[in-house]
Structure formats: structure tokens, C-alpha cells
Amino acid sequence: MELQGRWMAALLSGNLPWPTPQEMALGISESRANRTSPRIQWSMGDYLGLIDELRRTIGMPLLPETNEVYPNTLSPAHFSPDHEEAQKTLKEMAEVLAERTGKDEAGGGILSRAIFKALHGKWKLCRKIVSRHPGFPSGTFDGVAEFLPRPPSFSCTPPSPPSPTDNDGKEKEEESPTCANITVTSTPPPPVHSGEVQEYLYTETGTFTTTPTPSMPSPITILARRSYIYRHHPEHDAITVWFVKPEDSSKVDYFFHQVEISGRARDGKGGWVGGGKHLCRADWYWPRYRFSFNPGGEGRGAGDGGLREFEIGYRVKGPKKEYESDGVYERV
């Protein structure tokens with residue numbers, strides 16, 4: 001509101017030019033589209049990007065010492081560049097944030113909440129599957145995935161992520177949760193006061209085309225559809241994924257895995273990455289994730305939550321399957 005007030009004052013005083021009629025019409029059109037079509041929970045999901053755009057419009061500079069902090073955090077002190085107290089506050093903030101690295105930086109509930117909120121909406125999905133089992137074909141899936149928000153439909157307690165080391169600091173074998181030991185009840189949890197989305201019904205529809213092999217030289221294309229339920233647990237700082245019932249894809253069946261974010265990627269590709277390990281009945285799953293957010297206000301779309309794209313991959317091994325799956329999601 002402070003920046004909006006400064007912008008209006010600059011317009012009324014003549015220090016800044018008014019938007020053209022075409023720019024106003026475009027802004028109204030985009031705002032209406034955001035409110036009538038499927039979108040994330042808030043029409044201006046990329047709040048930091050919106051604030052940064054206002055700052056650029058009115059010509060307000062950032063303090064040099066805040067460049068390493070902003071836009072990962074936001075404080076009113078960012079918008080008082082000539083105030084001594086603001087400079088002191090930003091310096092202290094930078095020192096505190098510099099100490100938060102790796103998994104500590106991914107904790108605290110902020111990242112899981114931002115990721116979950118930004119999943120809302122439709123995504124173009126391309127998945128490649130490489131199978132090492134003769135009875136399970138390799139191929140590619142092309143289609144559309146959608147995260148539809150809805151009230152929480154069941155209660156559960158997410159599993160605690162396994163600790164990779166013992167008390168002596170040595171790596172130990174993971175003790176992963178299994179589908180059978182996660183309790184689910186049909187009683188929904190109480191609503192959160194913030195009104196944030198806690199559950200998505202995930203659906204994907206498209207075509208799966210098999211990779212030619214000597215025994216099957218001609219590719220086969222079939223229609224494919226799949227559903228999961230994604231849950232956010234604010235009190236546990238966790239995101240979980242659940243299988244749905246075969247006879248009713250809107251109802252939860254049993255636990256699949258937990259989305260465990262380990263920290264920022266260190267492979268030069270950027271984004272936040274994570275993985276895990278889970279025994280699902282007779283099959284082992286090793287999921288891997290990468291979430292790539294827009295830097296600052298660059299290249300964002302209205303209401304996309306700042307999430308540019310994300311990747312979900314699996315390594316799967318069981319009695320009747322063994323394959324690698326890599327899926328890339330891009331905002332529609």
C-alpha cells in the first residue's frame with residue numbers, strides 16, 4: 001500500500017506519466033481473466049515480484065547491501081533507502097540470512113508453503129520412462145496435469161523424514177515409512193485460520209507412446225490418465241502424496257511418499273531439490289524433485305506464484321517393474 005500510494009502521488013503530481021488507455025485496458029483484461037479462469041489461490045501469487053515492479057516503476061533504488069538478500073525476503077526497510085534505521089535493519093537481516101544454508105534454509109515452513117501454493121493450476125507435462133524390465137515398456141508421456149484445490153478430505157500424520165546419520169556422524173541405512181504404517185481417517189482436519197489450500201486433487205491426462213524395440217518395432221500410442229492427492233501439513237512443514245482409490249479417484253487410498261526438500265541445487269541448474277525413499281507394498285520408490293522459481297520479478301506470469309517449472313522423477317524397483325521416470329512440468 002505504501003508503494004501504491006507513492007505511485008499515485010507521482011501520477012497526480014505529474015512526476016510520472018499515466019498509463020496509456022491501451023495499458024489500462026490490458027491490465028483490466030488480465031485481472032478479469034485471473035478471476036474467472038483456473039488459477040492459483042491468489043491472483044497476485046508472485047507478491048515479491050509485484051512489489052519489485054512497483055519499486056521499478058516509481059524509480060526507487062535498492063540499497064547496495066541488500067542485493068544478496070532481496071528478493072528472498074521482504075521488509076519495509078527495503079523501501080526506505082535514505083533512512084539510517086532502515087540501513088541498520090537490512091544489514092542485520094543479511095547477517096542472519098547468511099547463516100541459513102542448505103536444509104536449514106529449506107526449513108521453517110516457508111518453502112513448503114510457497115511450493116504447495118504455487119502448484120495450483122494447469123501444467124504441460126512431458127515424461128520419459130526408461131524401463132529395464134521386459135514386461136514394462138519404455139516410452140514418453142505427453143499431456144496436461146492439473147492441481148485442483150479442495151477442502152481437506154481426510155486426516156493423517158505425515159511420517160518423519162529418516163535421519164541420514166547416527167549419533168557418531170556415520171551414514172546409516174535409511175528406515176523408510178511404508179504404505180501400511182501410515183494411519184488415515186475419513187475425518188477431515190480443522191481448517192487453518194489463514195484459509196490456505198491444504199489439499200489438491202492431482203490429475204494428468206494425455207498419451208503414452210512406447211519406444212520401439214526389436215520385439216515391438218512399431219510404437220503404440222494409448223490414452224493415459226492418473227490421479228493422486230497432494231496434502232500440505234503446515235504444523236509438520238511437510239507435503240505428502242497419496243494414491244487414490246481405483247473405483248473413485250476423488251478419494252484417498254493409501255500413502256505414496258513425502259516430498260522432502262534438501263536445499264538449493266548445487267549442480268548449476270538452479271532451483272530447490274529434494275528426494276526420498278519409500279517402500280510401497282512390494283516396490284521401492286526413490287522420488288526426486290526440482291522446483292525452479294522466477295528470480296525477482298523476471299519473466300513471471302500474473303498469478304503463477306513465481307514457480308516457472310518443476311521436475312518430478314522416480315527410480316522404481318520391484319518384482320514386476322524396474323524403471324527410471326523423469327517428468328518436466330511447465331506452466332500452461
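In which strand is the place of Ser325? The answer is strand β14, which covers residues 321–331. Keep in mind from the start that you are looking at a predicted model. With a relative accessible area of 4%, Ser325 is buried, because buried means under 20%. What surrounds this serine? If you set aside its neighbours within four places in sequence, Ser325 is in contact with Arg127, Lys128, Ile129, Arg288, Ile312, Gly313 and Tyr314.

Now step back and take in the whole chain. The protein chain has 332 residues, and 39% of them are buried. Its secondary structure comes to 6 helices and 14 strands. Consider the contacts between residues with a separation of 6 or more: 59% of these come from residues 24 or more positions apart. On the outside, the chain exposes about 19,300 Å², and carbon and sulfur atoms supply 54% of that area.

Let us begin the tour with helix α1, which runs over residues 2–13. A little arithmetic works nicely here. At 1.5 Å a residue, the 12 residues of α1 should span 16 Å, and the end C-alpha atoms are indeed 16 Å apart, so expectation and model agree. Which residues of this helix are buried? They are Leu3, Ala10 and Leu11. These three cover an arc of only 100° around the axis, which means that they lie on the same side of α1. Turn to the face directed away from that buried side, and you find the exposed residues Glu2 and Leu12. Just after the helix comes Gly14, which takes a positive phi of about 85°.

Next, follow a run of paired strands, starting with β2 (residues 139–150) and β5 (residues 199–210). These two pair in the antiparallel sense over 12 bridges. To see one of the pairings for yourself, find Pro149, whose bridge partner in β5 is Tyr200. Strand β5 is mostly covered, with 9 of its 12 residues buried. Strand β5 also has β6 as a partner: the two run antiparallel and are joined by 11 bridges. Here you can look for Thr205, whose bridge partner in β6 is Arg225.

From β6 (residues 221–233) we move on to β7, again in the antiparallel sense, this time over 6 bridges. Tyr230 and Val241 in β7 are bridge partners. The two strands form a hairpin with 4 residues between them, and in the turn Asp237 has a positive phi of about 50°. Is β7 itself largely enclosed or open? Of its 8 residues (238–245), 7 are buried, so the strand is largely enclosed by the rest of the structure. Strand β7 then pairs with β8 (residues 248–259), antiparallel over 6 bridges. Thr240 stands opposite Gln258 in β8, and this second hairpin leaves 2 residues between its strands.

Finally, have a look at the charged side chains. Side chains of opposite charge can pair when their charged atoms come close. How many salt bridges does the structure hold? There are 10. One of them joins Lys245 to Asp253, with the closest N and O atoms 3.9 Å apart. Lys245 counts as partly exposed at 29% relative accessibility, and Asp253 is partly exposed too, at 27%. Another salt bridge links Asp248 with Lys251, where the closest N and O atoms are 4.0 Å apart. In this pair, Asp248 is partly exposed at 26%, while Lys251 is partly exposed at 48%.

A further salt bridge brings Glu311 together with Arg290, the closest N and O atoms being 3.8 Å apart. This pair links distant parts of the chain: Glu311 sits in strand β13 (residues 307–318) and Arg290 in strand β12 (residues 283–293), 21 residues apart. Glu311 is partly exposed, with a relative accessible area of 30%, whereas Arg290 is buried at 11%. Elsewhere, salt bridges that share partners join Arg150, Glu199 and Arg231 into one network.

Note on methods. Residues are numbered from 1 along each chain as its sequence is written. This is a predicted model: local features need pLDDT of at least 70, side-chain atom pairs count only at pLDDT 80 or more; totals for chains, interfaces and linings use all residues. Side-chain values use heavy atoms; hydrogens and water are left out. The expected span of a helix is 1.5 Å times one less than its number of residues. Buried means under 20% relative accessible area, exposed over 50%, partly exposed in between (1.4 Å probe, protein chains only). The arc is that of the directions from the helix axis to the C-beta atoms. Two strands pair if DSSP finds at least two bridges between them. A salt bridge is a side-chain nitrogen of Lys or Arg within 4 Å of a carboxyl oxygen of Asp or Glu. Contact means heavy atoms within 4.5 Å. Accessible areas come from the Shrake-Rupley method with a 1.4 Å probe; for residues, only the protein chains shown count as cover.
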